Amino acid sequence: MNTMVVKAYPLGVVRIIDNGNVEDEGESGMELSVGLEFDSADEAREFYGLYAMRVGFKIRIGQLYRSRTDGSVSSRRFVCSKEGFQLNSRTGCPAFIRVQRRDSGKWVIDQIQKDHNHELGPAGESSLPILQQKSPVVTKSLVDVLRRPKVKLLEQIDSGVLSPSGHFSFKRQKRGGHGAQSIAEPYTGLEFNTANEAYEYYQAYAEGIGFKVRIGQLFRSKNDGSITSRRFVCSKEGFQHPSRVGCGAYMRIKRKDSGNWMVDRLHKDHNHDLEVPVVYQKLSSTNSKKFIEEEASGMSSRSLVEMNKGKPIKRSREKKIGTDWYPLLLEYFQNRQAEDTGFFYSVEVANGSCMGVFWADGRSRFSCSQFGDVIVFDTSYRQSNHVVPFATFVGINHHKQPVLLGSALIANESKESFTWLFETWSRAMSRCHPKSIIADQDMAIQQAIADVFPGTHHRFSLWQIKTKEQAVLQSVPTEFRYEYEKCIYHSQTTVEFNTTWNSLINKYSLKEHAWLNHMYEKRESWVPLYLRGKFFAGIPIGESVESFFGAQVTGQTPLREFISRYEQGLEQRREEERKEDLNSFNLQAFMQTKEPIEEQCRRLYTFTIFKIFQDELLQSYSYIGIKTYEEGTISRFVVRRSGNENDKHAVTLSAVDLSVNCSCQMFEFEGVLCRHVLKVFKLLDIREFPSQYILYRWMRNAEYRILCGAESGISSQEQKAFMVWSLRETACKYVECGATSVEKYKLAYEILREGGKKLC
């Protein structure tokens, strides 16, 4: 079957050919049809973009598909801008075209879907530049452009006037009547002498419209490593910061063979309100130089407005806690302090404004003395627009329940603010230094943790990684995402992970992918393989940590309800904790074996931790242990599941002190010995756990351990507050139990009276 080849240009489009003649194609190329042929994929995109403009919708670049033979792009999809659901403005529109590369090098439309599931805009709306006052100075005349050999341009006729593609010199713009710059709107084809000039232009345009600009991704040549294209994005692009809303507005420039830079991709629509335009102040040449060398990575890109002679300028700290919040909180703090001698609060003030608030009651401070080895710094309010920037410090108790270790309001999310907050928390918690912390991966938080808690392992919050993955990996093939997850979650050794990762990056030509490169550098903070050897009290790696207050207190909680909801949510959590305490002291778990080691753990562990241990013990019966090495007091075993050669781990044991470690690293991560070690203990007839493998934090009485003197590192006043709280809590439990019946009341009263005689 012969394929009909049609060179198509939509209505209102002129084609400028090599001899400078302008040819109007008229209506003939208007309709989309399978078989339309183009010289390049970019030409097909321009055609579809102009068609979309006439019909009344906008387009985005969709998926690309690569050849399995040589990895080259074999087909591309261009989709309606409302395709998918990643942004609120998208409706899952199915409209698209797909172009496929032929052996001849031409690109042909092979699939079309014209129907949209949303209303279309006014037909024929142009997104090409509309000058506000004076036209931009074109550094080369239209005649020069037309005479340039082998140039093919598609331009739109706007009211009968051709808007030619040409060099746009930002430096030659003149001021308008009010001192503001007259900046033309950007459009595809706009050219600049340098990438820095393009950045200055887009910055000026953004200031005039009412948004701010960040430097986005850059792309490098595979041949010589030079930069071939750059993206400048709206400051609200992405989701790494609470102020960002995934805005899709950007301008991309591409370096031409001549050395000039041309706008080749553009998206003007924002998914947020724009600010009041301000007068643009042009950057100094000194500031601009920094741009050329800067490596933009999406996670750490910065606006040049923050640079001065290559050094960051501290931003003015404009955000603050509202004046209506501080009086309310101060009254609450003072009332709590009168009731609770261990209540602590601190306020950060700058220039007379409240910039941050931290508070913790006596129970939170006491809990931290027992369970402050692992903390979750929860800033999940940042996932959405928030009324109150409410954050919490959360620990894991001996029942594996979340316990509150402090609360905060954060007005300014800078390194300085987070540093103040972490130092204040540490001071309130008697200089507690956690082994590990789960927190967002923002650079300000990373730096503050490194400064205040050196040696603490920072694990990134899962929600942030997943959000970013959805945004940046939607354009890669489905096969990549499958292999990517397999590499992350199934690698057993660092060598296996590094080899698989590098193979994957090379296979899909993603060496210049900024986000993937950044995440590889930070792999020790999020890849499960690297986290297993760190103590996280068993908090699952592949799951998001539940908010302590749930839906009761969020970033949207109004001022008038905040305190009451906070108190209600806190009391609800603490009531659950009291119930688990009673269960652990009053209920006995059923024994599943006659092993002495099971009886030992039932006696010492809380109900929850014992069930975890018991499951490992029962599972150990399904494993086979074989000694593979022995030298002196060191023995090594391979422990594998019966009938499954792939499920195996290495266990090493020293006969001197019975120190043991397993390649699964369950004890290092969770603090409970694994089935593989239990199998080896059974083989060696070790009938009782060595003391170093019963962590005090998992024991029934962990909550009531009071360290004294120099060992505790706390003052006598703080220690007294801790003891008062501990005795009150214990008394409350017995009071509640004693009030359940008259007989128990009499017994409780008698016990208290007899005990009082010994104390007083």
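I'll start with one residue: E561 is partly exposed, at 24% relative accessibility. Its partner in a salt bridge is R565, and the closest N and O atoms of the two are 2.6 Å apart. R565 is partly exposed too, with a relative accessible area of 27%. Both residues belong to helix α14, residues 559–586, and they sit 4 residues apart, about one turn of the helix. Please keep in mind throughout that this is a predicted model.

Now the overall picture. The protein chain has 760 residues, and buried residues make up 48% of them. Its secondary structure comes to 20 helices and 27 strands. Take the contacts with a separation of 6 or more: residues 24 or more positions apart account for 58% of those. The accessible surface of the chain is about 38,100 Å², and carbon and sulfur atoms hold 51% of that area.

Back to charges. How many salt bridges does the structure hold? The count is 32. One of them joins the side chains of E185 and K268, at 3.0 Å from N to O. E185 is in the loop between β9 (161–162) and β10 (191–192), while K268 is in the loop between β14 (261–267) and α4 (285–293), so this pair ties together parts that are 83 residues apart in sequence. As for exposure, E185 is partly exposed at 23% relative accessibility, and K268 is partly exposed at 21%.

A further salt bridge links R602 to E599, with the closest N and O atoms 3.1 Å apart. These two are 3 residues apart in helix α15, residues 596–604, which puts about one helical turn between them. Are the two partners buried or partly exposed? R602 has 18% relative accessibility and counts as buried; the cut-off for buried is under 20%. E599, with a relative accessible area of 30%, is partly exposed. Elsewhere, salt bridges that share partners join R336, E339, D340, D361 and R574 into one network.

Next, the aromatic residues. Searching the whole structure gives 46 aromatic pairs. Take Y202 and F211: their ring centres are 6.0 Å apart and their planes stand at 65°, so the pair is edge-to-face. The angle for that class has to be over 60 degrees. Y202 and F211 are both buried.

A second pair is W425 with F453. Here the ring centres are 6.0 Å apart and the planes are at 90°, so this pair is edge-to-face as well. W425 lies in helix α7, residues 415–428, and F453 in the loop between α8 (443–452) and β23 (457–460), so the pair ties together parts that are 28 residues apart in sequence. What about burial? W425 is buried, at 0% relative accessibility, and F453 is buried, at 1%.

There is also an aromatic cluster, for those who want to find it on the screen. Its members are Y332, F333, F343, Y345, W359, F390, F548, F549, F562 and Y566.

Two arginines sit over rings. The charged end of R77 is over the ring of F96, 4.1 Å from the ring centre. The charged end of R231 is over the ring of Y250, again 4.1 Å from the centre.

Now one helix in detail. How many of the 8 residues of α12, residues 514–521, are buried? The number is 6, so to speak of this helix as mostly covered is fair. The buried residues are A514, W515, L516, H518, M519 and Y520. What do they pack against? They pack against the strand β11 (213–220) and against the helices α9 (462–472), α10 (478–490) and α11 (494–507).

Last, a residue towards the end of the numbering. Y749 lies in helix α20, residues 742–759. It is partly exposed, with a relative accessible area of 48%. The C-alpha atoms of Y749 and G738 are separated by 8.0 Å, and the two residues are 11 apart along the chain.

To close, three items to look up in the model. For charges, find E185 and K268, which meet in a salt bridge. For rings, find W425 and F453, an edge-to-face pair. For packing, find α12, with 6 of its 8 residues buried.

Methods: Residues are numbered from 1 along each chain as its sequence is written. This is a predicted model: local features need pLDDT of at least 70, side-chain atom pairs count only at pLDDT 80 or more; totals for chains, interfaces and linings use all residues. Side-chain values use heavy atoms; hydrogens and water are left out. Buried means under 20% relative accessible area, exposed over 50%, partly exposed in between (1.4 Å probe, protein chains only). Contact means heavy atoms within 4.5 Å. Accessible areas come from the Shrake-Rupley method with a 1.4 Å probe; for residues, only the protein chains shown count as cover. A salt bridge is a side-chain nitrogen of Lys or Arg within 4 Å of a carboxyl oxygen of Asp or Glu. Rings of Phe, Tyr and Trp (its six-membered ring) pair if their centres lie within 6.5 Å; planes under 30 degrees apart count as stacked, over 60 as edge-to-face and the rest as tilted. A charge sits over a ring if NZ of Lys or CZ of Arg is within 6 Å of the ring centre and within 35 degrees of the ring normal.
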